[in-house]
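Open the model in your viewer and keep the selection tool handy. We will walk from one stop to the next, and at each one I will tell you what to pick and what is there.

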Amino acid sequence: MQRYSILWADDEIDLLKPHILFLEQRGYDITPVNNASDAVEMSDEKHFDVVFLDEHMPGMSGLEALSIIKTNKPNLPVVMITKNEEEHIMEEAIGSKIADYLIKPLNPSQILLSVKKILDNKRLVIEKTNLNYQQEFRKISMAFMDEMNHEQWADIYKKLVHWELQMDQPDNQEMGDVLDMQKTEANANFSKFIIRNYESWLNNPSADKPLLSHQLMKRKVFPELGSKPIFFVLIDNLRVDQWKVIEPIIAEYFTIDKEETYYSILPTTTAYARNAIFSGQLPSEMAKTHPDLWVGEDEEEGKNNFEDEFLTKQLRRNNLNVKTSYHKIKNMEEGRSLADTVNNLFKNDLNVIVYNFVDMLSHARTDMAMIRELAPDESAYRSITRSWFLHSPLFDILKKISEKDVKVVITTDHGTIRVKRAFKIIGDRNVNTNLRYKQGKNLGFDGDKVMHVTKPEKLFLPKPNVSTSYVFATEDQFFAYPNNFNYYVNFYNDTFQHGGISLEEMIIPIIFLTSKNVS
């Protein structure tokens, strides 16, 4: 076991010998000094894992020493010890980034707890996390043997995300690998669940089914319309785990009233899932009733250029005469422009903000070597998402919104999955390019590890030709053509993709917030 070294400065250090002996017996090396000046000098010359610093000493005070030590070694943990409970002294010490604050008279357990909290915290947290996950692992594995419904699958996914975030550190690789294996097993079982039930969800009125993309506005957003303006913020491609890493930032400005999930329709892409949100219709319904707005796979035009028109028509169908605004943010400049003018939106009943950053990040990760270096795994991908959000115009927009008495709904259109296994498929040159689903006339493949839809009308999918079918990738697979198979494998393996069937793509967050800091 690692031995830690502690520097302890107190003008009555001789009276603390029993405490020093107590720590030494438990494996800590203590260097005692009886004044602050020696503490500053010693901490500068030698390595210590933690410094105990008495606040009130003759000559240089503990607070003065604290300031110098933190300037010289900002990452060295310092515990302030004092008889004085005056608030301004506590505030000054805390403002100087102390690791802990102890009040005299001290007792051995109090000191040991402080030391362990600082020095052994990481190890103890990892050990406890691993123990708790091992217990949960058995419960989750047992659940796979049962016939779960959509709510239970959402709960399983949220539990897996919880443990993934708990283990989000490189020192916990062993259990992280076990969790990865369990997520793989979960996705294999979830894919079978979707293949068995998805058609019924769309066609059987009495089926036990989740909230789906095309029902989101009518069921969750329109009922919120009323006395306060609503800001509906759709951050594209935002998974549950990515939401969880930005949640603490948002919680400083908003009260989180409800945190739920819903299911994206298939394909889990912007053209289908996001258009379904704003139109309130399934893809074949959009293609039939709004041929002027629906853009097919065979057309070059952007697939989601008419979201505001779709929303207007959905509001009209629901007899909602409300004042709305719609903004789609595709780059930093557009985000800054909206942040500058957001005060103009509070007079509206419903304000829609579509923010396209996360989708750009996932595609950039495929295309740019630097992004692939920065986001080599799930943990790094979450970290980049958090860093982006913290410095984004979207965060500035939300902070300004939080100053008014409003409601905010944050959601997404679909998630994304890191693909690891190529699946060979054959198609003609008119087949779409998405790596997680294919639409075409002559799709050929071997094996049953995909969802093959020979009657697209049953899933309310457009059917341009009588022989059109769809094939959806499941788990962590991506489609590759045999004639350039190695190129596809090398270029796309270990990238984030969407369009297919997985927990990450289909089970996605919707969060309801109210302003906390109303002016």
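Start by selecting Y28, which counts as buried at 2% relative accessibility; buried means under 20% relative accessible area, exposed over 50% and partly exposed in between, with a 1.4 Å probe and protein chains only. Add Y4, also buried, with a relative accessible area of 13%. This is a predicted model, where local features need pLDDT of at least 70 and side-chain atom pairs count only at pLDDT 80 or more, while totals for chains, interfaces and linings use all residues. Residues are numbered from 1 along each chain as its sequence is written, and side-chain values use heavy atoms, leaving out hydrogens and water.

A search of the whole structure finds 31 aromatic pairs. Rings of Phe, Tyr and Trp (its six-membered ring) pair if their centres lie within 6.5 Å; planes under 30 degrees apart count as stacked, over 60 as edge-to-face and the rest as tilted. Y4 and Y28 are one such pair, stacked at 6.4 Å centre to centre with 20 degrees between the planes. The two are 24 residues apart and link distant parts of the chain, Y4 in strand β1 (residues 4-9) and Y28 in strand β2 (residues 28-33). Helices (H or I, at least four residues) and strands (E, at least two) are DSSP runs numbered from the N terminus.

Next, select Y488 and Y492, a tilted pair at 5.4 Å centre to centre and 40 degrees between the planes. Both lie in helix α19 (residues 485-492), 4 residues apart, about one turn of the helix, and both are buried. For a bigger group of rings, pick F144, W153, F190, F193, Y198, W201 and Y263, which form one aromatic cluster.

Now look for charges over rings, meaning NZ of Lys or CZ of Arg within 6 Å of the ring centre and within 35 degrees of the ring normal. K424 lies over the face of F485, 4.8 Å from the ring centre. The charged end of K404 sits over the ring of F346, 5.8 Å from its centre.

Switch to cartoon view for the sheets; two strands pair if DSSP finds at least two bridges between them. Which order do the strands of the parallel open sheet follow? Its 5 strands run β2-β1-β3-β4-β5. β2 and β5 (100-103) stand at the edges, each with a single partner strand, so one side of each has no neighbour in the sheet. Zoom in on β3 (residues 50-54) and β4 (residues 78-82), paired in the parallel sense over 4 bridges; L53 stands opposite M80 in β4.

Another open sheet has 6 strands with mixed pairing, in the order β7-β18-β10-β6-β9-β8. Its edge strands are β7 (254-263) and β8 (324-329), each pairing on one side only. Within this sheet, β6 (residues 230-235) and β9 (residues 350-355) pair in the parallel sense over 6 bridges, and the bridge partner of F231 in β9 is N351.

For the last stop, select E297, K303, T433, N434 and Y437: of the 35 residues that line the largest pocket, these are the closest to its centre. Helix α11 (270-279) gives the most to the lining, with 4 residues. α15 (357-367), β13 (437-440) and α19 each supply at least two residues as well.

Methods:
On a 1 Å grid over the protein atoms alone, a cavity is a set of points where a 1.4 Å probe fits but cannot get out, and a pocket is an open set with protein on both sides within 12 Å along at least five of seven lines; lining residues have an atom within 4 Å of a point.
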